[in-house]
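Work through the exercises below with the sequence and the model open side by side. Try each task before reading its solution.

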Amino acid sequence: MARPELEERLVRALAEQRLVLLCAPGGCGKTALLARALEQLAAGTGVAWVTLDAGDDLHRLLQCLWRALEPFDLPWRMAPEGLAAMAASREPQQQREAADALVNTLEAGEIAHGVIALDDLHHVDDAQTLAFIDRLVAGLGERWTLAIATRQEPALRLARLRATGLLTELRAADLRFSRDEALALLQSAGVEAAAAEALHRRTQGWPAGLRLALGGARGTGAGSAIDRQAFDFLTAEVLAQLDPALREFLLRTSVLHELDAARCTALTGEAQVPARLDALERLDLFVTVIGDEPRTLKLHDLFRDALLHRMKLERPAELQALQVRAAEHETDPVRRQALLLAAGRPEEAAARLRERSLRLMFEGGVHTLVRLAEQFPPDFARRSADLQDVAGYAKWRLWRNAEAARHLEAAELLHREQGRAAAARLSALRKGAMLAGIGRPGAARAVLAEVGEPGPDEVEARINVRLCELWIALEEGVYHRVAPCMGALLDAIEQAHEPEHWAVMVPSPRLTACPGVRAQLLRWADGVSAAEAESPLLLSALAPMTRGWRALWAGRLQEAEHFLARSESDERWVGHPPIVHSHRLAFTAVVSMALGRREAALAAVRAHAHEFPATYGGRGPSYALNLMGRIAMACGEVALLRDALARLAQMEPLVPEDTPLRQQPVLGLRGHLAWLEDRPAEAAALWQQALEHEEPCDLFGLAHELRVRLALHVLQRSAVAACAGTAARPKPAGASAVANDEKALAEAAAWLQPILRQPADGPRGALFALAALRELAAVPWGGHLDAAAQATLREWASAAVPAAAPEGAAAPPVAPAADGLAALDGGLTAREDQVVALMARGLSNKLIARELGLSPHTVKRHVAHVLDKLDLASRSQAAAWYHARRR
């Protein structure tokens, strides 16, 4: 039903305004009017249309928006999946940054003008979603317009937009047909003038009522105005005039949100489904075509509600059966759950949600998962083992560990009451793995003893057993067990052949420093990279960082610096998840310390300790403080070291399952403080006391560091003794100072020999004492260290850069990328150079992906790397850079 004047007004607003709001009750023609207006926009205008459904939250809205924006090849600087996760965070700062990132990406696009259309926004009752839309509207520039169609006033800050003239509103009064419009419409369809006048009075210009009148509902008796009851009455009249088979098809398929051949055939079992869809499209009766591949129709909400209302009144049992059957074939978890809950099947809905939970989290939907679990009635949720399982696992992934433990414990008990032994075992093992990871290995060991070894078909349970064993070894300080435990875990993950299982474990910074773990770190990084090829994995930023830790502890500082250089952009790309941010700060602190960048190291380690998530619980914060103390010692920052020790002491009574052996690293830090306070004898005594139980002392490779420092202390003590009673000042521990002190050389060599016998692991924690390594490498050891040991010592010492290098000094050249692609102009790798060359030819991300045999997601990441490295804002700027370089 064309309305030229109204459409012209709307087209003008869509081309000029920041926000266009169509707000009116159902049946006013908002969707149809907006769709027609968008079709009339100037050539080159980009349109991204998203239709909201009941139950949609911010994560789902953004997922749909990313798909709608895909044709425009926007220059994403943050992965869309990461941006969605960041927007769904509970942190207001992250929500603001996500909205800003989307605005900046839209502004950097190549289209002259773009419109984002959000249809049926009234379905969204999530305050977080509306707050994000509000921030988006506030930030949009002149080249983008947001159009909203809704039945109710959205909770947006509209007053400022009205005052500044940036808002166009079309309300119910604007959308009603005037008398002249209604008469022209009805009479052109063959309605007599008197009847047309009567219909206009009855409908009061309501578009849905007029459309029903044109469809055959011309009887009287609905009252002087059309309301919901009248609409149902007139719908019944229209249905009565349809072919009986088509009427039955409409009633049965009304349970579906969208109608396509596959869904409708699965639901009805009819062979004539394509013909039925053709007939509906020809009738044009409250149906919109929303997709071509496959052809997909959508019924107007009012019409669909009327059909469902009729089914509920007349055929309630059949309606429930249809809802259950539709859910069986529905792949969307939100729609499937809504169907099952509407059918009165909460138990089945909870079971299906649990089945889907791993995959949904793998795809970045952890916040959606929590929201879906909260949609069940509270009494049912408390009694549902499946829902308790889902909530516990999701909150564990969000580092809300105390809540997660309660949910998982409840899930285990409920599963056992219901006789579901395997499900109870999995809940218990998830809880055990979480407890071990937060510093309660005794509780985790008790879980393992109670549940026993899972059966061969309990894939996820077997993975969690191996995960428990790994974290127990790490938390109990049995570091020689970490590498074989991690190998067993990776074996179990690889045997599962499901990419989502790679997200079950992330190597923590302290794990990367364990002996013999280098091969397993590489396996994990390779596995995560392969899993990302199937579906974007938000933790994929940790794969290159793990490679960087591996290089760092091996003493390959230049390679570690290469990974450090990309870690910040990697974190931004995945949306700053807390775990990635925390790990990057730790990595920045240690690499900067090793490279002699004192201020950068101190700033990063302070932030790491300060920002460690409070919800993690357990001993997690204590590890951050241990690292802070180590960096403070390496940088000579005595006040920071005192602060670390004081905070560790305050934490001591609060840490669960503490044992004396777990204090061994703290003894080492106390020795560091004594050293910085010029109490060397006390420092040496404390270091030796820490090494009395060397393995639990070896947090972040502390044993290596202490042995290096003790070796140097022995030689320095000898040098001081040699100068005693003379006016000469003691010389540094070098050749002339100790060449004749065989006893000191032997004692110092004895401290070094155990670590020099393990050259494959590299210097590990000795990197915290690089200056001492350099001095020790210059000592004439004679026969006290064999040639191989002396060569290892010199190799480790060569990793150091001059400690006096100024803070702003240029970094060493970037090492070749891990995939062997050397850096080219602008620091681009060969692959990135290929991507920018194809961008310069005008190829879209999809075509570049096809040309290079990559996934579109990988191409987006390469484009972001190119723009970051070249400090450019858009694809056209990158193309210009490439052509300029070629000239």
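The exercises cover a sheet, two helix pairs and two single residues.

The model is predicted; local features need pLDDT of at least 70, side-chain atom pairs count only at pLDDT 80 or more, and totals for chains, interfaces and linings use all residues. Residues are numbered from 1 along each chain as its sequence is written, and side-chain values use heavy atoms, with hydrogens and water left out.

**Exercise 1. The sheet**

Task: Find the order of the strands in the open sheet of 5 strands and name its edge strands.

Solution.
- Step 1. Strands are DSSP runs of E with at least two residues, helices are runs of H or I with at least four, and both are numbered from the N terminus.
- Step 2. Two strands pair if DSSP finds at least two bridges between them.
- Step 3. The order is β2-β3-β4-β1-β5, and the pairing is parallel.
- Step 4. β2 (45-51) and β5 (167-170) each pair on one side only, as edge strands.
- Step 5. From one strand to the next, the twist averages 15 degrees.
- Step 6. Helix α1 (residues 4-16) packs on the sheet and touches β1 (19-23), β3, β4 and β5. Its direction makes about 155 degrees with that of β5. Contact here means heavy atoms within 4.5 Å.

**Exercise 2. Bridges and burial in β1 and β4**

Task: Trace the bridges of β1 and β4, then decide whether the faces of these strands are covered or open.

Solution.
- Step 1. β1 runs parallel to β4 and is joined to it by 5 bridges. L19 has L146 of β4 as its bridge partner, and L22 has A149 of β4.
- Step 2. Towards β5, β1 pairs in the parallel sense over 4 bridges. Here L21 is partnered by E169.
- Step 3. Strand β4 (residues 144-150) is also joined to strand β3 (residues 113-119), in parallel, by 6 bridges. In this pair V115 stands opposite T145.
- Step 4. In a regular strand the side chains alternate between the two faces of the sheet.
- Step 5. In β1, L19, L21 and C23 lie on one side and V20 and L22 on the other, and all are buried. Buried means under 20% relative accessible area, exposed over 50%, and partly exposed in between (1.4 Å probe, protein chains only).
- Step 6. In β4, one side has W144, L146, I148 and T150 and the other has T145, A147 and A149, all buried. Both faces are therefore covered in β1 and in β4, with 5 of 5 residues buried in β1 and 7 of 7 in β4.**Exercise 3. Helices α36 and α37**

Task: Describe how helix α36 (residues 664-676) packs against helix α37 (residues 680-691).

Solution.
- Step 1. The two axes come within 8 Å and cross at roughly 170 degrees. Axes are lines fitted to C-alpha atoms, for helices over the stretch in contact, and angles run from 0 to 180 degrees between N-to-C directions.
- Step 2. α36 and α37 are therefore roughly antiparallel to each other. Angles over 145 degrees count as roughly antiparallel, under 35 as roughly parallel, 65 to 115 as roughly perpendicular, and the rest as oblique.
- Step 3. From α36, the residues in the contact are Q664, L667, G668, R670, G671, H672, A674 and W675, and they meet P680, E682, A683, L686, W687, Q689 and A690 of α37.
- Step 4. By class, this contact of α36 with α37 has 8 nonpolar, 5 polar and 2 charged residues. Ala, Val, Leu, Ile, Met, Phe, Trp, Tyr, Cys and Pro count as nonpolar, Asp, Glu, Lys and Arg as charged, and the others, Gly among them, as polar.

**Exercise 4. Helices α41 and α43**

Task: Which residues make the contact of α41 with α43, and at what angle do the helices pack?

Solution.
- Step 1. α41 and helix α43 (residues 787-797) pack at about 80 degrees, with axes 10 Å apart.
- Step 2. That angle makes α41 roughly perpendicular to α43.
- Step 3. L752, I755 and L756 of α41 make the contact with A789, T792, L793 and W796 of α43.
- Step 4. Sorted by class, the contact of α41 with α43 has 6 nonpolar, 1 polar and no charged residues.

**Exercise 5. Two single residues**

Task: Locate A766 and H200, and say whether A766 and H200 are buried or exposed.

Solution.
- Step 1. A766 lies in the loop between α41 (742-756) and α42 (770-777).
- Step 2. With a relative accessible area of 0%, A766 is buried.
- Step 3. Not counting residues up to four places away in sequence, A766 touches G701, H704, E705, V708 and L773.
- Step 4. A766 and W796 are 30 residues apart along the chain, and their C-alpha atoms are separated by 8.6 Å.
- Step 5. H200 is found in helix α10 (residues 193-203). Its relative accessible area is 15%, so H200 is buried.
- Step 6. Leaving aside neighbours within four places in sequence, H200 is in contact with F177, S178, R179, A182 and G205.
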